[in-house]
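Reader: I'd like to learn how to read charged pairs and burial in a model like this one. Could you walk me through it?

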Amino acid sequence: MKLCNEKVILKEGKPVPSSAIDREGTMAYQILNGHDVRHDEGSFHLKYDSLTSHDITYVGIIQTARASGMKKFPMPYVLTNCHNSLCAVGGTINEDDHQFALSAAHKYGGIYVPPCLAVIHSYNREMMSGCGRMILGSDSHTRYGALGTMGVGEGGGELAKQLVGRTYDMKKPQVVLVYVTGKLKPGVGPQDVALDLVASTYASGFVKNKVLEFAGPGIASLSQDFRNGIDVMTTETTCWSSIWETDETTKEYFDIHGRPEAYRKLKPAEGAGYDAWIDLDLSKVECMIALPMHPSYALPIHELQKDPEKYLGEAQERANKQLGGKVKMDLLSKIGSDGKIRVDQGVIAGCSGGTYENICAAAEILKDGNTGNGEFKMSVYPDSMPTCKALVDNGAVSTLITSGAVFREAFCGPCFGAGDTPANNEFSIRHSTRNFPNREGSKPGEGQIAGVALMDARSIAATARNQGVLTAADEVVSEEEKAPAYVFDAGIYEHRVYNGWGRAEENYPLRFGPNIKDWPQQPVLTDDLLVKVVSYITDPVTTTDELIPSGETSSYRSNPLRLAEFTLSRRDPAYVGKAKAVAKLNEERKNGSLDEELKSVCASLQAANVTVNVKDTIIGSAIYANKPGDGSAREQAASCQRVLGGAANFAREYATKRYRSNLINWGVLPFVTDEPEKLAEGDWVFLKDIRKALEEKNDDPCAWIIHKDGNTESFSVHLGELEPEEREILEDGCLINHYRKEQK
C-alpha cells in the first residue's frame, strides 16, 4: 500500500497529478452538498437522513434532547440494544434502559430493535442505508460507505442537535482517494485489507478528519460483505467518513434485503479532485495481525512467524511501557519450544467480524477439523439474527459447533469488554474492531492483563483448526472462497422491531428505571476561569477507553453521577478524588470561602500583576494529555469530566474531531498548547477574559500557570477553529444550557 501525498484528479478512471483540484466532483461532495442547508463557502451545515444509537448512549442523548425542548424525533432514529443486552451486570438497570428506549420510540416516533436481534451497524446496513444518504450515529464505527451511505460516528451531543432541529457544522473536509486495483489472494479477508490500511495511515495522520473515497477497478472483485468489512474499520485510520463507488454488487445487496429503491449508481465525476491518494493493490495484501495494543500495530502474520521473539518482544515492551508498571504483559511466553506462537482464545464478533461471509469462511476452514480440548477456546457471534438464521439454514452453525466453537447471539460485547473476557495473561485473537488497552475487559488496577491481537476470521479459524497454534489462513486455503447464496428473512425484523417513525404518541409515558437520572446542572462560563491540572498523562495517545472505561461500567451510562466515578479509573485511579476536591473548592468559593491554597494562588497572580477576582471566577479541574480521544465516539469521555467539575482539557492535539466536539458540547474548553513542558500535575492555570476571547473570536487567550511553588509564568494556549454556535455553547456552559437559554 502506497501513500501519495499529492493532489490528483480522476481522468478516464485513473488518478493523474494536478496542481489544481475541484472536490465538487467527488462522491463525498456530491452527497455533502445535498445535505448542506446553508451553503457557506468554507463550512458544511448538515442535516442527516437518519440517526442511530445503541443502549450505552441513547438514554443520555434522549435526556439531553428532552432537556433542550425536543417534542418528537424529526427524522428516523434507530435505537438498538446490542451493547448492554446480556443484562448480566447491575441488576435490572440494563433492561430498564431497554424499556426506556421502547417507550421513547412510542412517544417520539423512533425505531426500537430489541436485544440480541442485531448489532447497531448491521441493522443500519440492512435496513437504513441507501446510496447518497447520510447517517449520524453515536458509535464511532458508524460507517456505511461501501453501501453508498456516508456514515459519521459522533458523541451524543451532535445527535441531540439533530433532534432539536439544528445542524452538524464542520469545516469542509479534504478528500483522499483510495484507488483500488488487483484481486485478493485466497485466504485473505476484509480485516487483512483493513489492518494494512490502518497500519499505513494511522501514525502519520495521513487521513485524519478527512473523507476516504474508494474507487477503482479492484472494487468489482470484492463482495459486498468484503467491502463492508473493510469500510467499518476505516474509523481506525481516524478519517471522518468514507464513501465507495457502487455497482451491481451493491444493487444485489439492496435487492436481497427487499429495498431496491435504496440503490443508485455512485461514482466520481470525470475530473474529480482529491487532496491526496492511496494506491491499494489488493493482490499485495497479506494475512495480517495487529499486535497489542492498537489496530495500527499490524504486520503480516508470516513476518511474525519468522521472528516471533522480535515482534512479540517489541509489542510486550511497548505495552508494558504504556501500562506504566501496574501489570506486566507477557507475550514472549506464548512462544513454544518449537518456535511457534500459541494463543488461548479466538473470537469472531460484531459489525466487522460477525458478517455472513466471514462466518461461512470460518466454518469452511473448520470443516472436518476441531479446536481441541486444550486451553484454546473459540466463540462466534453473528451480526444479526437474519445472518444467524441463514447460517443455521446453510449448516455453518452446525459445522462450527461440531468443531468445538461456541455460537452465540448478536452482541457487541467482545468489542468492548462485556463478553469473552480472557483469563489473566491470556493471548486472544479477534476479528473485532479494536484491541485498545484493557478493552477486552481486564482490570490492571486489580492485577489483571490480557493481550489482544486483531486478525481476520479466516486466520482465526485456521488457528483454531491447529488448536491454538497461530496460523495464517493462506496456509490452509488454496482456492477462492464461495459462500452459499445468502437469503434474508425480512420477517425476523417485521415480527420484533417496533417502527414508530412518523407516528409519535405525545402522551405515551416514558418508562424510567431507578438508575436513569437527569443530567446535573452545569455552570455558565464566567469572565475568567481558574483550573487545576489534576491529571498529567504523557502517553503518546490516550484512548476514550482510558478516559472512561468500557465493559461493565457501561451499565451505569444512564446515571451521570455514578458513571463519573469510573473516570480515568484504569489510567489514573486517583483522578476522581482529585477532581472532587477541586469541585469542593468551587462550592466553597460560591459560599464566600477560600482555602489557603486558593489564597496562595491569588497572591501569586497579584504578585505577577495579574488581576483576579476569584470570588466571581469558576474554579474547575483539568487534565493534560498529549493526544486524547482516540477511538470511541462515546460522549461520556467528556461528560464524566464535566460532571466532576472539569472545565478544560490541555493537549498537544486531539486524536479525533469526535472527542473535541464532545468536550465543546459539554462546556469543557479544548485547549491545545505547544508548551506542555511548562505544565505539571498540581499546577493551576488562570485564563483571563476567557469569555471575552470566545465572544471576540480570539483563539489565543491570555493564560498563566501558577506552579506549586508559587512561581507564575505566562502560558501559550489555543482554542483552534470554532464554529459560531460552538463558541456560544462554551459560553453557556454546555449544550443543554445553550438550548434552554434559547427557549426563554
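Author: Sure. Let's begin with one acidic residue: Asp-572 is buried, with 12% relative accessible area. Keep in mind that this is a predicted model.

Reader: Which residue forms a salt bridge with Asp-572?

Author: The general idea is that side chains of opposite charge can pair when their charged atoms come close. In this case Lys-578 is the partner of Asp-572, with 3.3 Å between the closest N and O atoms. Lys-578 counts as partly exposed, at 22% relative accessibility, because the cut-off for buried is under 20%.

Reader: What about salt bridges that share partners?

Author: Those can be read as a network: Lys-389, Asp-393 and Asp-489 are joined into one that way.

Reader: How many salt bridges does the count come to?

Author: The count is 34. Take Arg-227 and Asp-247, whose closest N and O atoms are 3.0 Å apart. Arg-227 sits in helix α7 (residues 224-231) and Asp-247 in the loop between β13 (241-244) and α8 (248-256), so this pair ties together parts 20 residues apart in sequence. Both Arg-227 and Asp-247 are buried.

Reader: Which residue pairs with Arg-571?

Author: Asp-539 does, in a salt bridge with a closest N to O distance of 2.7 Å. That pair links distant parts of the chain, 32 residues apart: Arg-571 is in the loop between α19 (560-564) and α20 (575-590), while Asp-539 is in the loop between β24 (529-537) and β25 (542-543). Asp-539 is buried, at 8% relative accessible area.

Reader: Now a buried acid without a salt bridge. How far away is the nearest side chain of opposite charge from Asp-281?

Author: For a case like this, check the distance against the cut-off. Lys-284 is the nearest, at 4.2 Å, and a salt bridge needs the atoms within 4 Å, so the pair does not count. Asp-281, found in strand β15 (residues 276-281), does have a polar contact of 2.7 Å between its side chain and that of Ser-283. Leaving aside neighbours within four places in sequence, Asp-281 is in contact with Thr-181 and Gly-182.

Reader: And a residue with no charge, say Gly-130: is it buried or exposed?

Author: Look at accessibility, then at what it touches. Gly-130 is buried, at 0% relative accessibility, and is found in the loop between α4 (120-127) and β8 (134-137). Apart from residues up to four places away in sequence, Gly-130 touches Leu-147, Gly-148, Thr-149, Phe-254 and Ala-262. The C-alpha atoms of Gly-130 and Pro-260 are separated by 9.4 Å, although the two are 130 residues apart along the chain.

Reader: How many residues of helix α6 are buried?

Author: For a helix, go through burial residue by residue. In α6 ten of the twelve residues are buried, so the helix is mostly covered. The buried ones include Pro-190, Val-193, Leu-197 and Thr-201. Helix α6 covers residues 190-201 and reaches 17 Å from first C-alpha to last, close to the 16 Å expected.

Reader: How does the whole protein look?

Author: There are 26 helices and 32 strands. The radius of gyration is 25 Å, close to the 27 Å from the globule rule for 744 residues, so the protein is as compact as a globular protein of that length. Along its principal axes the C-alpha trace spans about 80 × 60 × 60 Å. Buried residues make up 65% of the 744. Of the contacts with a separation of 6 or more, 77% are between residues 24 or more positions apart.

Terms used. Residues numbered from 1 in each chain as written. Predicted model: local features only at pLDDT ≥ 70, side-chain atom pairs only at ≥ 80, totals over all residues. Heavy atoms only, no water. Helix = DSSP H or I, 4+ residues; strand = E, 2+ residues; numbered from the N terminus. Expected span 1.5 Å × (residues − 1). Buried < 20%, exposed > 50% of the residue type's maximum accessible area, 1.4 Å probe, protein only. Lys, Arg positive; Asp, Glu negative; His and termini not counted. Polar contact = N/O pair within 3.5 Å; in protein donor to acceptor, adjacent residues only side chain to side chain. Contact = heavy atoms within 4.5 Å. Rg over C-alpha atoms; globule rule 2.2 N^0.38 Å.
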